[in-house]
Amino acid sequence: MRYFNFHCPIFGLASKQFRFFFQADIVVGTAASNLNLTQNPCAKALSQAAGPSLQQECITVGSVAVGDIAVITKPGNLKCNAVIFAVCSEWDNGKGKKVK
C-alpha cells in the first residue's frame, strides 16, 4: 500500500501540481472537525487539487470529533483511492486543547 502524508509546507506547490506528480493508495491530511476544507491550509490545498467533489463528499460525512478521522473514498481529481482526514485540535501557539 502506498500512501502520501500531505505535509503542509508544500501545500502551495501541491495545490497546483499534486494530482499530476503523486500517486498513492491513500492520501492523509488534516481538516477541521466540521470538514470544511477551507479552514485548514492542508485541507484547502487538497481540495484545490481534487476539485469540488472532495468538499461535497466531506459534506456527506458531516462533522467528525477531534481525534477521529474521516475517510473519503471519492477523492475527485487526486490519483488515489481514498483521502483520510485526521481531525486535530487548534494549535493556538501551544495553548490548544490536547488530544489523548
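Me: Where in this predicted model does Leu37 lie?
Reply: The model is predicted. Leu37 belongs to neither of the two flanking elements; its place is the loop between S2 and H2.

Me: Is Leu37 buried or exposed?
Reply: Buried means under 20% relative accessible area. Leu37 has 0% relative accessibility, so Leu37 counts as buried.

Me: Which residues does Leu37 contact, leaving aside neighbours within four places in sequence?
Reply: Leu37 sits in the loop between S2 and H2. Its C-alpha atom is 9.8 Å from that of Ile59, 22 residues apart along the chain. Beyond four places in sequence, the contacts of Leu37 are Ala31, Ala43, Lys44, Ser47, Leu54, Gln55, Cys58 and Phe85.

Me: What is the phi of Leu35 near?
Reply: Leu35 is in the loop between S2 and H2. Leu35 is buried, because its relative accessible area is 0%. Its phi is positive, in a residue other than glycine, and is near 55°.

Me: Which residues have the most contacts inside the largest nonpolar core?
Reply: This core has 18 residues. S2, H2, H3, S3 and S4 each supply at least two of them. Those with the most contacts inside the core are Leu35, Leu37, Leu46, Leu54, Leu78, Val83 and Phe85.

Me: Which element gives the largest share of this core?
Reply: Strand S2 (26-31), H2, H3, strand S3 (69-72) and strand S4 (82-87) each give at least two residues. The largest share is four residues, and it comes from H2.

Me: How many of the 10 residues of H2 are buried?
Reply: Helix H2 spans residues 41-50 and is mostly covered. The buried residues are Cys42, Ala43, Ala45, Leu46, Ser47, Ala49 and Ala50. The count is seven.

Me: At the start of H2, which backbone nitrogen does a side-chain oxygen of Asn40 reach?
Reply: The oxygen comes to within 2.7 Å of its partner. That partner is the backbone nitrogen of Cys42.

Me: Which residue just after H2 takes a positive phi?
Reply: H2 covers residues 41-50. Just after H2, a phi of about 95° is taken by Gly51.

Me: Which residues does Leu54 contact, leaving aside neighbours within four places in sequence?
Reply: Leu54 is one of the residues with the most contacts inside the largest nonpolar core. Beyond four places in sequence, Leu54 touches Leu37, Leu46, Ser47, Ile72, Lys74, Pro75, Val83 and Phe85.

Me: Why does Gln55 count as buried?
Reply: Gln55 lies in helix H3 (residues 52-61). Not counting residues up to four places away in sequence, Gln55 touches Leu35, Asn36, Leu37 and Thr38. The cut-off for buried is under 20% relative accessible area. Gln55 counts as buried because its relative accessible area is 18%.

Me: How far apart are the C-alpha atoms of Leu78 and Ala24?
Reply: Leu78 is in the loop between S3 and S4. Leu78 is buried, with a relative accessible area of 5%. Leu78 and Ala24 are 54 residues apart along the chain, and their C-alpha atoms are separated by 9.0 Å.

Me: Is Val66 buried, partly exposed or exposed?
Reply: Val66 lies in the loop between H3 and S3. Its C-alpha is 5.4 Å from that of Cys88, 22 residues apart in sequence. Buried needs under 20% and exposed needs over 50%. Val66 has 35% relative accessibility, so Val66 counts as partly exposed.

Me: How many disulfides does the structure hold?
Reply: Cys58 is buried at 0% relative accessibility. Cys80 is buried too, with a relative accessible area of 12%. A disulfide needs cysteine sulfur atoms within 2.5 Å. The number of disulfides is zero.

Me: In what order do the elements run from the N terminus on?
Reply: The protein chain has three helices and four strands. The order is β-α-β-α-α-β-β.

Me: Which element has the lowest mean pLDDT?
Reply: The protein chain averages a pLDDT of 78. Over residues 7-15, pLDDT stays under 50. Where pLDDT is low, the predicted coordinates should not be read in detail. H3 has the highest mean, 95, and the lowest, 48, belongs to helix H1 (residues 11-21).

Technical notes:
Residues numbered from 1 in each chain as written. Predicted model: local features only at pLDDT ≥ 70, side-chain atom pairs only at ≥ 80, totals over all residues. Heavy atoms only, no water. Buried < 20%, exposed > 50% of the residue type's maximum accessible area, 1.4 Å probe, protein only. Polar contact = N/O pair within 3.5 Å; in protein donor to acceptor, adjacent residues only side chain to side chain. Contact = heavy atoms within 4.5 Å. Core = buried A, V, L, I, M, F, W, Y, C linked by side-chain atoms within 4.5 Å. pLDDT = per-residue confidence, 0-100.
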